[in-house]
Amino acid sequence: MDTIDFSTLLNSLQDSTQAFTAMDVVLTIVLSFALSLAIAWVYRATHRGTSYSQTFVQTLIILAMVVGIVMLIIGSNIARAFTLVGALSIVRFRNAVKETRDVGFIFFVMAIGMACGTRFYLLAIVSTFVICFLIWTMVRMNMFAKDLREQILKIRLPSDIPYATQFDGVFTKYLVRSNLMAVESVQAGLLLELVYGVEFKRGASAQDLLNDVRLLNDNNKVVLVTGQQEVDL
């Protein structure tokens, strides 16, 4: 049996992937990894709230490298592009994106991975640092923040109390406006739960409002939801 010359085998492999070299593969992976690390650091530094996920940040880094390799595979071959689209279309993702900004970071790392995979290295580097700087600046300057005083007030009271006018005096004292959003029967019909959208007057005390409401609802449960604009009623 003839011995296979290793250099011949290497050359044959090189001939089958003339669209890119081994150096292109290494550079794409390393650069995608380094740039996605910078993006992940900015994501962590600018994240607000309690929904931070370490696995999501690690997925961003993985996604950038994988997209870079995919772009190398596709190259300028239209047939490969359609084949990959067909193959990836069978994948189903069941995890919901927790925050809207997470979608932006997903597209961000995908774009950087595509730039690395198509060997636009300068574009990838400059875009990463410019966009990361702009994201960090927007968060630090708290841009587009709005002073929202509207909150959700949930009140439980006995079902025999006429709720339509029960709290008018308290609301007039503490609130600019109140909007009854939902009425629900709870505790086997013994209680009603009222859900209001309320806006406090400047200087009004939320604690005083809750104390006054409890005097009118037979000291049943009162909940004031603050800080979240999307609430499961």
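Helices and strands here are DSSP runs, a helix having at least four residues and a strand at least two, numbered from the N terminus. The model is predicted. Five exercises follow, each with a worked solution.

**Exercise 1.** Find where Asn142 and Arg119 sit, and work out whether each is buried, partly exposed or exposed.

*Solution.* Start with the location. Asn142 belongs to the loop between H6 and strand S1 (150-158), while Arg119 lies in the loop between H5 and H6.

Next, look at the backbone. Asn142 is not a glycine, yet its phi is positive, at about 55°. Arg119 is likewise a residue other than glycine with a positive phi, near 65°.

Now apply the cut-offs: exposed means over 50% relative accessible area, buried under 20%, and partly exposed in between. Asn142 has 53% relative accessibility, so Asn142 is exposed. Arg119 has a relative accessible area of 33%, so Arg119 is partly exposed.

**Exercise 2.** Describe how helix H2 packs against helix H3.

*Solution.* Take the geometry to begin with. H2 covers residues 22-46 and H3 covers residues 54-74; their axes are 8 Å apart and the packing angle is about 150°. Angles over 145 degrees count as roughly antiparallel, and H2 and H3 are therefore roughly antiparallel to each other. The crossing of H2 past H3 is right-handed.

Then turn to the residues. On the H2 side, those in contact include Val25, Ile29, Phe33, Leu37 and Ala40. On the H3 side, Val57, Leu60, Ile61, Ala64 and Ile69 are among them. By type, this contact has 14 nonpolar residues, 4 polar and 1 charged.

**Exercise 3.** Do the same for H2 and H5.

*Solution.* The two axes come within 9 Å, crossing at roughly 160°. H2 and H5 are therefore roughly antiparallel to each other, and H2 passes H5 in a right-handed crossing. Residues making the contact include Leu31, Leu35, Ile39 and Tyr43 from H2, together with Phe105, Phe108, Ile112 and Cys116 from H5. Sorted by type, the contact of H2 with H5 holds 9 nonpolar, 5 polar and 2 charged residues.

**Exercise 4.** Identify which residues of the largest nonpolar core touch the most other members, and which helices supply the core.

*Solution.* A general tendency helps here: in soluble globular proteins, nonpolar side chains tend to be buried together. The largest nonpolar core has 21 residues, and those touching the most other members are Leu35, Ile39, Phe105, Phe108, Ile112, Cys116 and Ala124. At least two residues of this core come from each of H2, H3, helix H5 (100-117) and helix H6 (121-140).

Phe105 makes a good worked case. Setting aside neighbours within four places in sequence, Phe105 contacts Ile39, Tyr43, Thr46, Leu60 and Ile135. Another core, of 19 residues, lies apart from the largest one; Ile155, Val170, Tyr174 and Leu209 are among its members.

**Exercise 5.** Build a picture of the surroundings of Ile112.

*Solution.* First, place the residue: Ile112 is in helix H5. Second, check its accessibility: the relative accessible area is 4%, so Ile112 is buried. Third, list its contacts. Not counting residues up to four places away in sequence, Ile112 touches Leu35, Ile39, Ala124, Ser127 and Thr128. Finally, pick one partner and compare sequence with space: Ile112 and Leu35 are 77 residues apart in sequence, and their C-alpha atoms are 7.7 Å apart.

Notes: Residues are numbered from 1 along each chain as its sequence is written. This is a predicted model: local features need pLDDT of at least 70, side-chain atom pairs count only at pLDDT 80 or more; totals for chains, interfaces and linings use all residues. Side-chain values use heavy atoms; hydrogens and water are left out. Axes are lines fitted to C-alpha atoms, for helices over the stretch in contact, and angles run from 0 to 180 degrees between N-to-C directions. Angles under 35 degrees count as roughly parallel, over 145 as roughly antiparallel, 65 to 115 as roughly perpendicular and the rest as oblique. A crossing is left-handed if the near helix is turned anticlockwise from the far one by less than a right angle, and right-handed if clockwise. Contact means heavy atoms within 4.5 Å. Ala, Val, Leu, Ile, Met, Phe, Trp, Tyr, Cys and Pro count as nonpolar, Asp, Glu, Lys and Arg as charged, and the others, Gly among them, as polar. A nonpolar core is a set of buried Ala, Val, Leu, Ile, Met, Phe, Trp, Tyr and Cys residues joined through side-chain atoms within 4.5 Å. Buried means under 20% relative accessible area, exposed over 50%, partly exposed in between (1.4 Å probe, protein chains only).
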